[in-house]
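Reader: Could you take me on a close look at one part of this protein, the second largest cavity and the helix that lines it? I would like a connected account that I can follow with the model open.

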Amino acid sequence: MTTTVPPADTADVGTRMSRREVLQALSGLMVGMFVSILASTVVANALPRIIADLNGSQTVYTWIVTSELLAMTATVPLWGKMADLYSKKLLIQLSLGLFVVGSLIAGFTPNVEVLLLSRVVQGIGAGGMTALATIVMAAMIPPRELGRYAGIFGAVFGVGTIAGPLIGGLLVDTSWLGWRWCFLIGVPFSIISIALLQRTLHLPVVRRKAKIDWLGALLITSGVSTLLIWSSLAGNKFDWASGWTALMVIGGLVLLALAVVVESRAAEPIVPLSIFRNRTVSLATIASVLVGVAMFGGTVFLSQYFQISLGKSPTVAGLMSLPMIFGLLVSSTVAGQLITKYGRWKAYLVAGAAVMTVGMLLLGTIDADTSVVVLSIYMAVLGVGVGMLMQNLVLAAQNDVPAHELGATTSVLTFFRSMGGAIGVSALGAVLASRVTSLTTDRLGPAATTGGGSAEVPDLSTLPEPVLRIVQDVYGIATADLFLVGAPIALLALIVVLFIKEKPLHTLSGDERRAQEEAAAKVAIH
């Protein structure tokens, strides 16, 4: 006679957690999310100062952002796959530990090269936190109830995003602290999160023999990395239509094609191709890529626009980002509550995509003379659209797949959204660098650019008044161009969202659904 012993890590799978237990379990997750959000926002206003201190170029500016996004993108599917096989709590703690290591390296970096390496380590940790937090929420909470708790996460997101630029600006402007503390400040929060998760998060541990598809992971990572590196360098280090472009694009696509072949044959694929037979998952994935390209690609350079084109300090630049954050916070929280109350979600996807497109078009009209009031309105519009759209794409997909595929589905959506963001940042960053270089050359002559045709990020305090005005105009025009490029991409996301079919939201949590599916499978066998 065989006795099955429940996992020591948790209560019975079929037992519904109370609201208090859920909130306790979410406490560590919320601190972890706060850390990962803070890491990306606290450094935003510090980047111009970091680049100036470390003698970096506009391309390096882009890569400090892209390297973290790239590492996060490439590792998200692996984290999601492991979440279906191993302890989610242990994996989240591991991802936070990696984040601490990356933050410490970044805080003590002697040069740009080490900083880029540290951002890769941070990105691997952030990839785990980003994917696993959503997976854990889906495991504990029914889709119908997710809106209520999504509001709490929306508040954390808002506080982290609002506090980040402000903290970053203050750190940079405080002489006895400086930009290095933008990286070090996340370390204590990460350690607190690890301790809270150990004490409060108790989930079923599904232990089964499994083989991680490392070859598939390597091919996916290599293929995506090749295309991202190409999109960052094309138009800057070599022409878009060149031998290097052909080599890197064909090489990346071949690696991804091999990955598809390997994934179709693997017993435990990193990205199960079967989930793309689900129409909702496929459309949500396409929309996530487009949202990532449009949102990350446009907004990541706003802080540089505030400081260079408008001549604001890092602290003021942090304050200027508030309208977009408030728009995002309010729309995501209100939409989440209404979805929980009425059980309808597609209208918010459509409205969010439409509003996001309008916001991109409005921001495509900015320049060095745009007033703060007008700019704030445009940013708030963009924030409202993104808030209604981004998280609800994940909700729609999670609601439409079997419970045992929740981890893979969530990680795939996060992966493609991050990939879209990395492509957006690198490609639009290359467009910005090229545009700045060409405009600067036109107005100031070839001597104004250095480093193989790449314009150095200027230190405004050293520029004479006539040159300062030209540089501000150049960055204003170039930044607006990025949003004009992003607007058609946002419009494509709207078209894709229109084809997603609305289905009633489940009233059972992921763990409860999984228990039902396993019980039904046993009955079918007998």
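Author: Happy to! Let's begin with helix α1, which with four residues gives the most to the lining of the second largest cavity. Helices here are DSSP runs of H or I with at least four residues, strands are runs of E with at least two, and both are numbered from the N terminus. Please keep in mind that this is a predicted model, in which local features need pLDDT of at least 70 and side-chain atom pairs count only at pLDDT 80 or more, while totals for chains, interfaces and linings use all residues. Residues are numbered from 1 along each chain as its sequence is written, and side-chain values use heavy atoms, with hydrogens and water left out.

A cavity is a set of points, on a 1 Å grid over the protein atoms alone, where a 1.4 Å probe fits but cannot get out; lining residues have an atom within 4 Å of a point. Grid points are joined across faces, edges and corners, and the volume is the space filled by probe spheres set on them. The count comes to four cavities of 30 Å³ or more, and the second largest has a volume of about 60 Å³. Its lining holds 13 residues, and A39, V42, C182, F183 and G186 lie nearest the centre. Besides α1, the elements giving two or more residues to this lining are α4 (88-107), α5 (112-140) and α7 (181-184). Nine lining residues are nonpolar, three polar and one charged, where Ala, Val, Leu, Ile, Met, Phe, Trp, Tyr, Cys and Pro count as nonpolar, Asp, Glu, Lys and Arg as charged, and the others, Gly among them, as polar.

Helix α1 also takes part in an aromatic contact. Four aromatic pairs turn up in the whole structure, where rings of Phe, Tyr and Trp (its six-membered ring) pair if their centres lie within 6.5 Å, and planes under 30 degrees apart count as stacked, over 60 as edge-to-face and the rest as tilted. One of the four joins F34 and F189 edge-to-face, 5.3 Å centre to centre with 65° between the planes. Because F34 sits in α1 (residues 19-42) and F189 in α8 (residues 186-200), this pair ties together parts 155 residues apart in sequence. Buried means under 20% relative accessible area, exposed over 50%, and partly exposed in between (1.4 Å probe, protein chains only). F34, at 15% relative accessibility, therefore counts as buried, whereas F189, at 30%, counts as partly exposed.

Terms used:
On a 1 Å grid over the protein atoms alone, a cavity is a set of points where a 1.4 Å probe fits but cannot get out, and a pocket is an open set with protein on both sides within 12 Å along at least five of seven lines; lining residues have an atom within 4 Å of a point.
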